[in-house]
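Work through the exercises below with the structure in view. Try each task before reading its solution.

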Amino acid sequence: MKKITAIAHPNIALIKYWGKRDTALNLPATHSLSITLNQLETRTSVRFTDQLAADRVCLNDSPASAAFSQRVSRCLDTFRSLSGSSKFATVNTVNNFPTAAGLASSASGFAALLTAANASLVRPLDKIQLAILARQASGSAGRSLFDGFVIQHRGERDDGGDSVAEPLYSRDHWPLEVVIAITSENEKKTGSTDGMLHTAATAPYWQSWIDQSATDIQAATSAIRRRDFAALAAVSEASCLAMHAVMQSARPGLLYWNGTTVELIHRIRELRTSGLSVFFTIDAGPQLKAVCLPGDAEAVETDLAAVPGVIRTLRCQLGAGARVVSTVDEQ
Ligand code: DP6
């Protein structure tokens with residue numbers, strides 16, 4: 001029996017995904033564009049064996065919740081049917097950063113799981129097929145398969161065959177840095193899936209959010225191609241604030257920020273006025289991610305660490321895509 005271990009990094013979206021055009025296939029209602037980070041990582045090992053009557057899933061060294069285990073088993077079912085085997089698996093997944101707190105642990109988690117499970121196949125799937133499975137598991141997970149700047153296409157086809165992640169530019173194209181300000185280590189109360197469905201069902205500004213997103217993706221892609229930091233800052237902050245605005249307009253409104261998140265938004269704008277190249281983005285949680293030109297990352301980190309309410313900061317460069325790191329034969 002082989003134990004295969006893969007590593008994947010979280011990614012953060014500069015142009016946000018929030019909404020589904022098909023819930024069953026998990027097809028996004030918007031394109032999105034992300035950067036993959038290094039430093040933070042999920043390490044997942046998968047070992048199929050004939051000695052189990054069900055998959056056994058551990059998250060951060062403890063048995064995983066029933067809901068998480070089910071999502072893992074659903075992914076593994078695909079590999080069981082591809083290999084024509086009915087073996088269950090032991091899955092151990094460990095994050096070196098807070099889980100389910102708005103740091104994209106589901107993206108890196110499913111990218112690592114699928115990469116490890118794929119390596120167990122005699123004839124592994126190619127990256128496009130893997131990106132489809134990753135998107136089905138979690139809409140942002142396909143983006144963590146790849147290095148650097150990555151686009152997740154909304155796609156047009158009903159079967160989702162064109163709703164895939166695609167690498168846009170490698171990290172060498174523009175080595176940005178990211179400072180993450182952690183303002184809470186608690187798990188969020190409303191997960192992204194529930195939050196999206198609730199927003200689509202009740203927010204009066206839903207269609208404007210979807211329409212604007214199509215324009216924003218083009219502006220961001222062009223800014224990255226030209227390495228135009230001011231243009232990328234403007235469109236990324238606009239996409240982030242528009243996503244939070246549409247969530248907040250849901251009934252009842254969804255508010256993922258705490259007071260420190262708001263203080264940090266003001267602080268980033270002050271830092272930019274003072275001449276630093278930095279902008280913010282925030283996902284479905286209270287952490288703020290400050291994207292910087294490399295020369296300014298240290299000053300940004302020192303400044304954000306001193307904002308009252310910031311528990312700690314993490315500094316990341318752009319990272320590699322998901323990959324297998326070890327294959328061990330075990331009895
Ligand atoms: C706010 O990929 O976690 O981080 O497809 O329902 O699993 P599901 O959602 P998920 O949503 C991520 C939302 C976001 C924005 C983004 O990463 O684009």
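Two exercises follow, on the core and on the ligand.

This is a predicted model, where local features need pLDDT of at least 70, side-chain atom pairs count only at pLDDT 80 or more, and totals for chains, interfaces and linings use all residues. Residues are numbered from 1 along each chain as its sequence is written, and side-chain values use heavy atoms, without hydrogens and water.

**Exercise 1.** Find which helix supplies the largest share of the largest nonpolar core.

*Solution.*
- Step 1: recall that a nonpolar core joins buried Ala, Val, Leu, Ile, Met, Phe, Trp, Tyr and Cys residues through side-chain atoms within 4.5 Å; buried means under 20% relative accessible area (1.4 Å probe, protein chains only).
- Step 2: pick out the members. The largest core has 35 residues, and Phe79 and Leu114 are among those touching the most other members.
- Step 3: compare elements (DSSP runs; helices H or I, at least four residues). The answer is H2, with 7 residues.
- Step 4: check Leu114. Leaving out residues up to four places away in sequence, Leu114 touches Cys75, Phe79, Leu130, Leu133 and Ala134 (heavy atoms within 4.5 Å).

**Exercise 2.** Describe the shell around the ligand and its polar contacts.

*Solution.*
- Step 1: list the shell (a heavy atom within 4 Å). Of its 18 residues, Tyr17, Lys20, Gly139, Ser140 and Thr193 come nearest.
- Step 2: sort by class. The shell has 6 nonpolar, 7 polar and 5 charged residues; Asp, Glu, Lys and Arg count as charged, and Gly as polar.
- Step 3: look for polar contacts (N or O pairs within 3.5 Å). A polar side-chain atom of Lys20 lies 2.6 Å from a ligand oxygen. For Ser138, the distance from a side-chain N or O atom to a ligand oxygen is 2.8 Å.

Terms used. Buried means under 20% relative accessible area, exposed over 50%, partly exposed in between (1.4 Å probe, protein chains only). Helices (H or I, at least four residues) and strands (E, at least two) are DSSP runs, numbered from the N terminus. A polar contact is a pair of N or O atoms within 3.5 Å; within protein, one must be able to donate a hydrogen and the other to accept it, and residues adjacent in sequence count only if both atoms are side-chain atoms.
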